[in-house]
Amino acid sequence: MKKFIHAAVVAIALSPLLAAGEEISHSVAKAEIFTDRAVLTRTGTANLKEGRNEIVFAGIRDNVDLRSIRVGDIMPADVEVLGVSWERHVSTTVDNAKIAELESKLSELGKQLFVAENELAATEKLLSRAGDFSKLFSESVNAKAFENSDDKPAPDWATNSEQLRAELQKLATTKAELDSRVKKIKREIEPVATELNKIYGGGNARRSLSLVLAINAKQSESAPVSVAYTTRTVSWEPSYDLSLGNGGDSDAEFAYRGTIRQNTGEDWKGVAITLSTAQPQISARPPRATTISLSGRKLDNPDEREIVEVAADKPVPATLSLARADAGDNDAETAGRDNADFSDVRGRGATVTFVVAGTHDVPTGSREHQVEIAQEKLAVQETRLEAAPRLRGDVYWRAELKNDDARPIVAGKLRVCRDTGFIGIAQREYVPAGATFAIFAGAESGLSASCETLAPFKESGSGKFFSASETTVEGDIYKIANLTTNPRKVRVRSQIKVSEIDDVKISILDKQEKHIPATTPGYVLEKETGMVYWDIEVPATGEKTLILTTKTERK
């Protein structure tokens, strides 16, 4: 240990003190935000003198990827950039004990949230599977009832049915408890993160960075300068609001939004924002070792020095921008965008970059912040009511829209509203510009659907010269009820099994066999997928009955 201290003292004594630079006020001016990180450009005004200048951007929270540090693209035109270096500092002026306490609490809450969200996801999966099993079980009970001479399930089936209902109730209760726990932990995280960010704000982090920009100036002047770097404490995801009229005869109001999360420890004020779906690398080149030396900086007391790390590397050229390099754009394409009503959009394949109009204030912390990308009207191509009685007892309102805007719709959360109010949130897949897509806008009041599974029958046959064969006939009865005073047109969907085995043939039953009735005419069958649908009209205050029966022949 003594040898290490002695070596450090010698290193400080022999190495020259770091040249004193001009420390300037600075802030985040631009943020190019990706789905899992961001490239931040910090700017400030420096009083340059003719010749070599070192400008210090101090008090940056230590959440920077050091490999990504480079010159920003806001620089005087007549200067020569020499390089960018960084120094790491450990503060002795902040309440380290309080920071450690808050960081520990935040870490523990984060672990609890991770466990609770995993348990919730697992419970939701079990609940879904149990619901599917419950349906199959009910069908099996019906089949068993038909086979019994007294047309009643055996006692063990009744017992198992009660057990299944109890298990479903137990899972539903567990899910509700986990939902409540996740919300409670998130509420506990928010004030801790807010308090920690207040301490971190203004460079009061226990560990902070100073970025030192070295340039040669041809003349003395006051000019803006900038540095850029990548941080993983910022991310974004697309979100949309879609508002539809009840009648469906008018265009749909469609709002593009970006949901930003930033936990840099610093509130952003007046920041130009670019949002991209690209997955950029930290650098276009592989990482390589750089020279790291120990040096010293004079403190207030002339007899004291603080040991600092200094890493020197050639900066990335000031004209390089990760988002623009990915999208294949140039500076000329962005001219005048700040005065645009809405965002500029660029794309290459499935990668899309939105240059958000104007500047924005984005607070740090756990809360999400939304920026508006654009407001558009989407043409409604078709609306109809659809039901899938075998799966659910509601009749849903469906609209087919055309994305006739130049912007693609990136995969993200979609909030759907109608004249009746908020309907729900769905996950929207990628929709290219000019393509059509369908959305469901909730259940229609006054309409309902039901399904009754018919007890199947089987016949087996065998012969001396032929192999054994088996025929199974089964089906469902669907009922669509209309409690409104107007007739309603509904598309009723179902499906049949599709055979990929040569010895098994599945067909729709077009005539009655034993107690199984024929399928209701007028259906459309997609043979490759097995999807079946009818377009029907349900009379006012009445109902419509449909039957779908199939025959499965095995040789």
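Q: In this predicted model, what makes Ala252 and Val380 contacts of leucine 244?
A: Contact means heavy atoms within 4.5 Å. Leucine 244 touches Ala252 and Val380, and the list also includes Trp397, Leu401, Cys417, Asp419 and Ile439. Residues up to four places away in sequence are not counted.

Q: What makes the largest group of 76 residues a nonpolar core?
A: A nonpolar core is a set of buried residues of certain kinds, Leu and Ile among them, joined through side-chain atoms within 4.5 Å. The largest such set here has 76 residues, and Leu244, Ile33, Leu275, Leu401 and Ile439 have the most contacts inside it. Strand S17 (residues 369–387) gives the most to this core, seven residues.

Q: Why is the pair of tryptophan 236 and phenylalanine 354 called edge-to-face?
A: Ring centres must lie within 6.5 Å, and planes over 60 degrees apart count as edge-to-face. Here the centres are 6.4 Å apart and the planes are at 85°, so the pair meets both conditions.

Q: Why does this pair tie together parts that are 118 residues apart in sequence?
A: Tryptophan 236 lies in strand S9 (residues 234–244) and phenylalanine 354 in strand S15 (residues 351–355), so the pair links those parts.

Q: How do you know that the charged end of lysine 514 sits over the ring of phenylalanine 457?
A: The distance must be within 6 Å of the ring centre, and the charge must also lie within 35 degrees of the ring normal. The charged end of lysine 514 is 5.1 Å from the centre, so the distance condition is met. Lysine 514 is listed as sitting over the ring.

Definitions and conventions
Residues are numbered from 1 along each chain as its sequence is written. This is a predicted model: local features need pLDDT of at least 70, side-chain atom pairs count only at pLDDT 80 or more; totals for chains, interfaces and linings use all residues. Side-chain values use heavy atoms; hydrogens and water are left out. Buried means under 20% relative accessible area, exposed over 50%, partly exposed in between (1.4 Å probe, protein chains only). Helices (H or I, at least four residues) and strands (E, at least two) are DSSP runs, numbered from the N terminus. Rings of Phe, Tyr and Trp (its six-membered ring) pair if their centres lie within 6.5 Å; planes under 30 degrees apart count as stacked, over 60 as edge-to-face and the rest as tilted.
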